[in-house]
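Student: I should like to learn how to read helices, buried residues and salt bridges from a set of coordinates. May we work through an example together?

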Amino acid sequence: MSLRLGDIAPDFEANTTQGTIKFHEWLGDSWGLLFSHPADFTPVCTTELGKTALLKGEFEKRNVKVLAVSVDDIDSHHRWIPDINEVNNTEVNFPIIADEGRKVAQLYDMIHPNASEKATVRSVFIVGPDKKIKLTLTYPASTGRNFNEILRVVDSLQLTANYSVATPADWKDGEDVIVVPAVSTEDAQKKFTKGLNIVKPYLRYTPQPNK
């Protein structure tokens, strides 16, 4: 059974490039980004892990811990990291799970046999501090992920968690947001003191509350 939004993210213990971790314990009160890549020493993955390292400050600003996983062993990861650093002019600053036994890959349904019987697809899981899955994305091996989009999603999820708002299509940080339907217009007018733009009774915009 595949994991669904709102499910508790499966806990696990794993060996990583930064030592052994227990996922829920390691996550603590932070948000988490768990993402898989098909294999070490592959071109698209090299760009992806480099981009993630370059965005270290952006993830930290959002209280997001990053954790990568592939089915290669720990020695392979350590041999590959210098290449990632060199190509992207960065330093890999997050743990990479060595999942040669495919424990994590199977827990999170990261191997899609019709795409590849051995390698993980490009799965993304965003996990909240409550350990529940907030977002899932699945990309084929040939398509590198847009990590700025992942940051945008985190911003949206955190706004919903903290302010009872949703975000419209193509929303970017700083733009107006939507009051969730569960909040009445009367309550919204009291809650959102920056103003309310009522387009339809069910579509009510307000300036982003945390700006």
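The dialogue below takes up a helix, its salt bridges and a buried serine in turn.

Tutor: Please keep in mind throughout that this is a predicted model.

Student: How many residues does helix α6 have, and what span does it reach?

Tutor: One compares the distance between the terminal C-alpha atoms with the expected span, which is 1.5 Å times one less than the number of residues. Helix α6 runs over residues 147-163 and has 17 residues. From its first C-alpha to its last it reaches 24 Å, close to the 24 Å expected.

Student: What is found at the two ends of α6?

Tutor: At the N-terminal end, N146 acts as the cap, with a side-chain oxygen 3.0 Å from the backbone nitrogen of N148. After the helix comes S164, whose phi is positive, near 60°.

Student: Which residues of α6 are buried?

Tutor: The criterion is a relative accessible area under 20%. In α6, the buried residues are F147, I150, L151, V153, V154, D155, S156, Q158 and L159. The list includes a carboxylate residue, D155, to which we shall return.

Student: Which residue of α6 forms a salt bridge with R152, and where does that partner lie?

Tutor: A salt bridge is assigned when a side-chain nitrogen of Lys or Arg lies within 4 Å of a carboxyl oxygen of Asp or Glu. R152 pairs with E149, their closest N and O atoms being 2.7 Å apart. Both residues belong to α6 and are three residues apart, about one turn of the helix. R152 counts as partly exposed because its relative accessibility is 25%, and E149 has that status at 27%.

Student: How many salt bridges are there by this rule?

Tutor: The count comes to ten. Among them is the pair D130 and K134, at 2.9 Å from N to O. D130 is partly exposed at 38%, as is K134 at 28%.

Student: Which residues are linked with D155 in a network of salt bridges?

Tutor: E58, K61 and R62 are linked with D155 in such a network. Within it, the side chains of R62 and E58 meet at 2.8 Å, N to O. R62 is buried, since its relative accessible area is 12%, whereas E58 is partly exposed at 28%.

Student: Is S36 buried or exposed, and what does its side chain reach?

Tutor: S36, in strand β3 (residues 31-36), is buried because its relative accessible area is 0%. The side chain of S36 reaches the backbone nitrogen of S123 at 3.0 Å.

Technical notes:
Residues are numbered from 1 along each chain as its sequence is written. This is a predicted model: local features need pLDDT of at least 70, side-chain atom pairs count only at pLDDT 80 or more; totals for chains, interfaces and linings use all residues. Side-chain values use heavy atoms; hydrogens and water are left out. Helices (H or I, at least four residues) and strands (E, at least two) are DSSP runs, numbered from the N terminus. Buried means under 20% relative accessible area, exposed over 50%, partly exposed in between (1.4 Å probe, protein chains only). A polar contact is a pair of N or O atoms within 3.5 Å; within protein, one must be able to donate a hydrogen and the other to accept it, and residues adjacent in sequence count only if both atoms are side-chain atoms.
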